[in-house]
Amino acid sequence: MSPSTFHQKTLFDQAIEPAERRAGLKAKPRRFFLQMHDATRLHYDLRLEHAGVLKSWALPKGPCLDPVVRRLAVLLKNHAVPSGTNEGTIPAGYGAGTVLLWDCGFWLPDQDVDQALRDGQLTFQLHGKKLKGIWSLTRMKPRYDERQVNWILKKEPDDEARSLSETDILVARPESVRSGRTLAEIAQEPPVMPLKPGTKRARKPAPNQLPLLAEDAEE
Ligand code: MN
């Protein structure tokens with residue numbers, strides 16, 4: 001471990017979940033999911049588990065390991081936690097398109113998450129299969145006529161950073177972390193019918209045939 005990584009880890013260890021630490025509780029790991037979504041336009045959906053829901057951002061150009069590259073992250077409404085692992089194709093209507101679970105794992109905030117979201121500045125660690133190290137989400141000032149809330153997702157400099165000319169993680173690792181399949185392979189599978197929120201599944205479906213939640217769609 002390099003000195004810089006050690007320094008960052010120490011900083012995070014000290015800063016994580018101060019309220020829970022003061023209460024003598026161990027910080028609970030929070031899950032994150034990143035789905036590739038071939039909808040009207042191909043995009044990626046970043047979902048961070050917090051307070052029982054998935055805080056979600058749509059990334060039109062996906063994540064990038066290069067700290068000099070800023071990627072737009074459009075704030076979405078909160079999603080239900082089970083929808084994070086979704087993979088498959090919704091045939092038509094709201095949210096139509098093919099979804100691939102591109103990355104998943106755990107995330108660690110370096111501060112109080114609610115406060116950070118209010119302030120528009122969240123720094124966090126990702127412990128995913130593809131995305132690791134320190135990242136930040138920063139809310140941009142809205143233009144007066146803008147209806148969507150734009151944030152910027154950026155890789156912070158650390159040992160996990162890579163220059164884009166060296167590594168484009170989206171090109172290097174296009175496969176699903178759940179099934180190893182590509183988007184094209186998933187799209188060839190029979191479509192799965194969306195469930196209405198709150199609908200109980202009758203029985204456990206095959207791993208590649210999990211129904212998508214109807215609320216999982218934002219376009
Ligand atoms: Mn989407």
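The following exercises, each with a worked solution, concern a predicted model of a protein.

**Exercise 1. Describe the order of secondary-structure elements and the general make-up of the protein.**

Solution.
Step 1. The protein has 5 helices and 9 strands.
Step 2. Read from the N terminus, these elements follow the order α-α-β-β-β-β-β-β-α-β-β-β-α-α.
Step 3. The chain holds 219 residues, and 45% of them count as buried.
Step 4. The accessible surface comes to about 11,800 Å², with 56% belonging to carbon and sulfur atoms.
Step 5. Among contacts between residues at least 6 apart in sequence, 59% join residues at least 24 apart.

**Exercise 2. State how confident the predictor is, and name stretches where the pLDDT is below 50.**

Solution.
Step 1. The mean pLDDT of the protein is 81, and 74% of its residues reach 70 or more.
Step 2. Residues 13-20 have a pLDDT below 50, and the model gives this stretch 16 contacts beyond near neighbours in sequence.
Step 3. Residues 201-219 also stay under 50, with 65 contacts beyond four places in sequence.

**Exercise 3. Which residues of the largest nonpolar core touch the most other members?**

Solution.
Step 1. A general tendency provides the background: in soluble globular proteins, nonpolar side chains tend to be buried together.
Step 2. The largest nonpolar core of this model has 28 residues, and those touching the most other members are L46, L48, W102, F124 and L137.
Step 3. A second, separate core has 6 residues, including F33, L54, V81 and L101.
Step 4. To see the surroundings of one residue, take L48: leaving out residues up to four places away in sequence, L48 touches R31, F32, V53, L54, K55, W57, W107, L122, F124, L126 and L137.

**Exercise 4. Is T98 buried or exposed, and what does its side chain contact?**

Solution.
Step 1. T98 is located in strand β6, which spans residues 97-109.
Step 2. The cut-off for buried is under 20% relative accessible area. T98 has 7% relative accessibility and therefore counts as buried.
Step 3. The side chain of T98 forms a polar contact with that of T89, at 2.9 Å.
Step 4. Setting aside neighbours within four places in sequence, T98 is in contact with M36, H37, D38, G88, T89, L183, I186 and A187.
Step 5. Q188 lies 90 residues from T98 in sequence, yet their C-alpha atoms are 9.6 Å apart. Q188 belongs to helix α5, residues 183-188, and is exposed, with a relative accessible area of 68%.

**Exercise 5. Characterise N150 by its element, its burial and its contacts.**

Solution.
Step 1. N150 is part of strand β9, residues 150-155.
Step 2. Its relative accessible area is 9%, so N150 is buried.
Step 3. The side chains of N150 and Q148 make a polar contact at 2.8 Å.
Step 4. Beyond residues up to four places away in sequence, N150 touches L72, A73, V74, T138, R139 and M140.

**Exercise 6. How many disulfides does a search of the whole structure find?**

Solution.
Step 1. A disulfide is a covalent bond between the sulfur atoms of two cysteines.
Step 2. The search of the whole structure finds 0 disulfides.
Step 3. Two cysteines may be examined for burial: C64 is buried at a relative accessible area of 5%, and C104 is buried at 17%.

**Exercise 7. Examine the loop residues A51 and V68.**

Solution.
Step 1. A51 lies in the loop between β2 (42-50) and β3 (53-59). Its relative accessibility is 67%, so A51 counts as exposed.
Step 2. The phi angle of A51 is near 55°, a positive value in a residue other than glycine.
Step 3. V68 is placed in the loop between β3 and β4 (71-79), and is exposed with a relative accessible area of 70%.
Step 4. V68 and S163 are 95 residues apart along the chain, while 8.2 Å separates their C-alpha atoms.

**Exercise 8. Which side chain makes a polar contact with the side chain of D114?**

Solution.
Step 1. D114 is found in helix α3, residues 113-119.
Step 2. At 38% relative accessibility, D114 counts as partly exposed.
Step 3. D114 and H50 are 64 residues apart in sequence, with a C-alpha separation of 8.8 Å.
Step 4. The partner is H50, whose side chain makes a polar contact with that of D114 at 2.9 Å.

Note on methods
Residues numbered from 1 in each chain as written. Predicted model: local features only at pLDDT ≥ 70, side-chain atom pairs only at ≥ 80, totals over all residues. Heavy atoms only, no water. Helix = DSSP H or I, 4+ residues; strand = E, 2+ residues; numbered from the N terminus. Buried < 20%, exposed > 50% of the residue type's maximum accessible area, 1.4 Å probe, protein only. Polar contact = N/O pair within 3.5 Å; in protein donor to acceptor, adjacent residues only side chain to side chain. Contact = heavy atoms within 4.5 Å. Disulfide = S-S within 2.5 Å. Areas by Shrake-Rupley, 256 points an atom, 1.4 Å probe, with all protein chains shown as cover. Core = buried A, V, L, I, M, F, W, Y, C linked by side-chain atoms within 4.5 Å. pLDDT = per-residue confidence, 0-100.
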